[in-house]
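User: Could you take a close look at one part of this protein for me, the charged side of things? I'd like one connected walk-through rather than a list.

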Amino acid sequence: MAYITINKQNFYYNLKQIALKVGSVDKIAIVLKDNAYGHGLELMAELASEFGIKHAIVRNDSEAEKIYSLFETILVLDGKCKKLQKYHYAINSIEQIDSIPQGTKVELKIDTGMRRSGIEMEQLEEALQKIENQGLELVGLMTHFRSADALSSELFWQMKQFDAVKKRLKVLGIDGFRVHSCNSSATLRQKIMQEDIVRVGISAYGYNELPYPFDLIKLKPVLSLYAQKISARVLKAGESLGYGAVFTAPKEMQVSSYDLGYGDGWCRGNAKEPFITSDGFKILGRVSMDMISLESTLESVCIMNDAQETAKYFGTISYEVITALSSDIKRQVI
Ligand SMILES: *Cc1c(COP(=O)(O)O)cnc(C)c1O
């Protein structure tokens, strides 16, 4: 079976860099949504908790259920709360407030410019009233930046918008909740972290997605993907291999098939521009659902150990490469 290794040392190295940046481990909320960005939810939650991280962020209730005992707080981003739970729920719209069970801990998300989710800034007072009427406990105030990873002043404009909301709450005399806005890129750009927590995902997994002109903190990829040999054969010069016969051997070659394909979440890509594995083998011909072919006789081959590099090849971002990896692939900590 194809398998994934999780490098604990690298994960802890990244978390340490982030802790140094924000001033303390207590300020880190690790984002574990989407199977911990493909790394394995329970496994990464355990490692993060062992490191001393107290706060986690997930996509939905079913993710929260799997790791509930490991953290002091878990924030559920989709905000869908069916019954009273101990988690925090993000409020993504004003209408949503009416359906949240009494006594639920909520974090109010403000739309400061991304125009995707959260209440409008003008709805602040109305939302607070609704939260009170519904008997909810306001434990957080949050926003999300649309261009934290862009070399522009956009981030500062949105921060100003969020500051205005914070001021209004202060004037209203409402406090006792945590405040947060920074994802990885915003965190890595900040000189001093004044908010209570940062919501870091991609940087913890080892990727700095800021463009070159920024002061780049070196991070270390945590995940490596391996495939194992299924069968081997000799291709004679002129013989073609795989679907569509798009690869033809220029000379006699020893090739093997390996157990990874687009069914596992590996990108099919374009066979005319072959991907080169981290071990230096070209993928020959088309990627099949469950197989690739390489000019190799090794039992096991490292396909990728740096999703940012892989993403460049496939014309996407590191996030997509890692989250796409099937949860059926076995993960092991090294
Ligand atoms: C996914 C997500 C994050 C984490 O973003 P990274 O760029 O991976 O650090 C933070 N906040 C919210 C609301 C998110 O949805």
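Analyst: For counting charges here, Lys and Arg are positive and Asp and Glu are negative, while His and the chain ends are left out. On that basis, this predicted model has 40 positive and 41 negative side chains, and the centres of those two sets sit 3 Å apart.

Now zoom in on one spot. Lys80, Lys82, Lys83 and Lys86 together make a positive surface patch. Take Lys82 from that group: you'll find it in the loop that runs between strand 4 (73-76) and strand 5 (88-91). Lys82 counts as exposed because its relative accessibility is 73%, and the cut-off for exposed is over 50%.

For a charge of the other sign, try Glu42, which belongs to helix 3 (residues 41-51). Its relative accessible area is 38%, so Glu42 is partly exposed. Setting aside neighbours within four places in sequence, Glu42 touches Lys66 and Ile67. Leu241 is another story: 199 residues along the chain from Glu42, with 39 Å between the two C-alpha atoms.

As a backdrop to all this, the chain has nine helices and 17 strands, and its C-alpha trace spans about 80 × 45 × 35 Å along the principal axes. Of its 334 residues, 50% count as buried. The chain exposes about 15900 Å², with carbon and sulfur atoms supplying 50% of that area. And if you look at contacts between residues at least 6 apart in sequence, 63% of them join residues at least 24 apart.

Note on methods. Residues numbered from 1 in each chain as written. Predicted model: local features only at pLDDT ≥ 70, side-chain atom pairs only at ≥ 80, totals over all residues. Heavy atoms only, no water. Patch = residues over 30% accessible without salt bridge, like charges linked within 9 Å, V, L, I, M, F, W, Y side chains within 5 Å. Areas by Shrake-Rupley, 256 points an atom, 1.4 Å probe, with all protein chains shown as cover. Salt bridge = Lys/Arg side-chain N within 4 Å of Asp/Glu carboxyl O. Charge placed at Lys NZ, Arg CZ, Asp CG, Glu CD. Helix = DSSP H or I, 4+ residues; strand = E, 2+ residues; numbered from the N terminus. Buried < 20%, exposed > 50% of the residue type's maximum accessible area, 1.4 Å probe, protein only. Contact = heavy atoms within 4.5 Å.
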